[in-house]
Amino acid sequence: MDNPLLKLYRSKIYTAIMMLVLLLCIGVLGYRFISGYLWLDAVYMTVITVTTVGFAEVMPLDSTSKIFTIFLILTSVVIVGYAITIITDYILSRNNFEDIKQHRMQKKINAMTNHIIICGYGRNGKQAAKKLSDYGKPFVIIERNKDIIEKFQDDTITFIEGNANEDETLFAAGIEKASTLICALPNDADNLFVVLSARQINAKLSIISRASEETSYNKLKLAGANNVILPDRIGGDHMASLVVIPDLVEFIDNLGIIGERNINIEEVKVEQLYNMNEVKTIRDLDLRKKTGCTVIGFKNDKGEYIVNPEADTKLIPGSKIIVLGRPEQIIKLNSQYNIE
């Protein structure tokens, strides 16, 4: 988005250009009809007068023409000087503004903790950014194409211009304090290099990478990616599922995991649900009665998932539950337990 100051300068530049054009027109018409010059001679006299280069007149000037020339010289000094000043200020202000904007953006990134870094703002990167934005999650996008940054940057999206393969770019994006890295670069080799670099810098980082080729899956896993997504495979499986089990897929698609006010399913850390001094079970929490939400999944501290867990499942520290409910029930759950 353009800075209001730069817009003001552009407006002044347009005004200065219009004044210069008007001045040239007045000069040409004046020499043509006051001094009786031919059109080409009138243009020549106007240009050398306005630019004050000091060439000789086409023919001697009479008194009226001299008065007109004096007026043209004085007027041109003011208008040309104004135009030069405005253009110079605009160039300097634009450079200064870019520096200020970059400084503010870097300051904003430095203040972030547990944020998400997205490498690449292509199709997958845009989709990831949209989903994170819907959830209100803080994220930074690393993009090397300046045209893309200028096209999509606004107050809600934070960009870092640079190559995600370079460590200094990752550091600029706050890789040490980030919680998650999403590698959405179109080239598998680039994603592999980014995963290797990021894992060396931050061992605790959760890394999600896309892959175009199935042969890249194991390589990315070995490099340190926690999850590897094959968009083409997912798309194909989804389309086939719409043929085999269309109603089930449509139901899952309609589980609105979109935006804070349209969520049907939520993942919650057990530490957010009760005091951990005494371990409780799913039955003890009784979320169904308190909020209307139903526990449909459990993930223990070792990362193992249980679908439709038993009511006596112990909610040990480090575990999570997955709950299902209508949007208003999810809102009630988050409100009752102060879940952000």
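Visitor: Which exposed residues sit on the face of α8 turned away from its buried side?
Guide: This is a predicted model, where local features need pLDDT of at least 70, side-chain atom pairs count only at pLDDT 80 or more, and totals for chains, interfaces and linings use all residues. Residues are numbered from 1 along each chain as its sequence is written, and side-chain values use heavy atoms, with hydrogens and water left out. Relative accessible area sets the classes: buried is under 20%, exposed over 50%, partly exposed in between (1.4 Å probe, protein chains only). On the face of α8 away from the buried side, the exposed residues are N218 and L222.

Visitor: Over what arc around the axis are the buried residues of α8 spread?
Guide: Helices (H or I, at least four residues) and strands (E, at least two) are DSSP runs, numbered from the N terminus. In helix α8 (residues 216–223), S216, L220 and A223 are buried. They lie on the same side of α8, because the arc, taken from the directions from the helix axis to the C-beta atoms, is only 60 degrees.

Visitor: Which elements are included in what covers the buried residues of α8?
Guide: Covering is a matter of contact, meaning heavy atoms within 4.5 Å. The cover of the buried residues of α8 includes α7 (188–201), β5 (206–210) and β6 (227–229).

Visitor: How is α9 oriented relative to α10?
Guide: Axes are lines fitted to C-alpha atoms, for helices over the stretch in contact, and angles run from 0 to 180 degrees between N-to-C directions. The axes of α9 (residues 231–244) and α10 (residues 246–253) come within 5 Å and cross at roughly 125 degrees. Angles under 35 degrees count as roughly parallel, over 145 as roughly antiparallel, 65 to 115 as roughly perpendicular and the rest as oblique, so α9 is, relative to α10, oblique.

Visitor: How do the residues of the contact of α9 with α10 divide?
Guide: From α9, H238, S241, L242, V243 and V244 meet P246, V249 and D253 of α10. Ala, Val, Leu, Ile, Met, Phe, Trp, Tyr, Cys and Pro count as nonpolar, Asp, Glu, Lys and Arg as charged, and the others, Gly among them, as polar. The contact then divides into 5 nonpolar, 2 polar and 1 charged.

Visitor: Which are the edge strands of the sheet that includes β7?
Guide: Two strands pair if DSSP finds at least two bridges between them. The open sheet has 4 strands, with antiparallel pairing, in the order β7-β10-β8-β9. Pairing on one side only marks the edge strands, β7 (265–269) and β9 (305–307).

Visitor: Which residue of β9 is the bridge partner of K299?
Guide: Strand β8 (residues 294–299) pairs with β9 in the antiparallel sense over 3 bridges. In that strand, β9, the bridge partner of K299 is Y305.

Visitor: What angle does the direction of α13 make with that of β7?
Guide: Helix α13 (residues 327–336) packs on the sheet and touches β7 and β10 (320–324). Its direction makes with that of β7 an angle of about 15 degrees.

Visitor: What is the relative accessible area of N308?
Guide: N308 is in the loop between β9 and β10. Phi of N308 is near 50 degrees, a positive value in a residue other than glycine. N308 counts as exposed because its relative accessible area is 57%.
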